[in-house]
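Trainee: I should like to request a close look at a single part of this structure. Please take me through it in one connected account.

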Amino acid sequence: MDLSLSTRTESGRSVVVVGGEIDVYTAPRLRDQLVELVDSGHYHIVVDMRAVEFLDSTGLGVLVGGLKRVGQHDGSLRLVCNSERILKIFRITGLTKVFPIHESLEEAVAASDGA
């Protein structure tokens with residue numbers, strides 16, 4: 001399976017909708033998208049992962065890298081995920097303490113973090 005990516009702006013935040021698999025082969029596309037957003041001044045990003053079916057360590061690394069990148073600009077990177085299988089990966093790795101993870105896009109976009 002491939003990776004689908006689309007980006008839009010919603011309530012002052014950049015929303016990246018991701019679908020399919022985020023793995024060693026597809027993660028560079030997500031990384032490039034996050035880098036491009038930050039480089040163009042978008043520091044409050046929501047990654048909608050509700051359609052993600054697989055996530056490996058490379059994908060986790062890309063998300064952590066994106067978080068660090070927006071953090072350099074006092075920004076935020078929030079995740080939307082309601083797949084128990086994907087959430088389990090975040091729990092096992094301890095990344096639930098690092099990322100704000102929301103069940104709905106509306107909740108993530110409405111969350112207050114200075115944007």
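Does Ser14 count as buried or exposed, and at what relative accessibility?

Mentor: The model is a predicted one, in which local features need pLDDT of at least 70, side-chain atom pairs count only at pLDDT 80 or more, and totals for chains, interfaces and linings use all residues. Residues are numbered from 1 along each chain as its sequence is written, and side-chain values use heavy atoms, with hydrogens and water left out.

Ser14 counts as buried, because its relative accessibility is 2%; buried means under 20% relative accessible area, exposed over 50% and partly exposed in between, with a 1.4 Å probe and protein chains only. Ser14 belongs to strand β2. Strands (E, at least two residues) and helices (H or I, at least four) are DSSP runs, numbered from the N terminus. If residues up to four places away in sequence are not counted, Ser14 touches Arg8, Leu37, His42, His44, Ile45 and Val46, where contact means heavy atoms within 4.5 Å.

Two of these partners lead further. His44 is joined to Ser76 by a polar contact of 2.8 Å between their side chains. Such a contact is a pair of N or O atoms within 3.5 Å; within protein, one must be able to donate a hydrogen and the other to accept it, and residues adjacent in sequence count only if both atoms are side-chain atoms. Ser76 is placed in strand β4 and is likewise buried, with a relative accessible area of 10%.

Leu37, the other partner, is one of the buried residues of helix α1, along with Ala27, Leu30, Gln33, Leu34 and Val38. These residues lie on the same side of α1 because they cover an arc of only 130 degrees around the axis, the arc being that of the directions from the helix axis to the C-beta atoms. The buried residues of α1 pack against β1 (3-10), β2 (13-22), β3 (44-55), α2 (57-71) and β4 (76-80). On the face turned away from this buried side, α1 carries the exposed residues Glu36 and Asp39. Just after α1, Gly41 has a positive phi of about 90 degrees.

Leu30 also appears in the largest nonpolar core, which has 26 residues; Ile22, Leu30, Val47, Met49 and Phe90 touch the most other members. Such a core is a set of buried Ala, Val, Leu, Ile, Met, Phe, Trp, Tyr and Cys residues joined through side-chain atoms within 4.5 Å. The elements giving two or more residues to this core are β2, α1, β3, α2, β4 and α3 (84-93).
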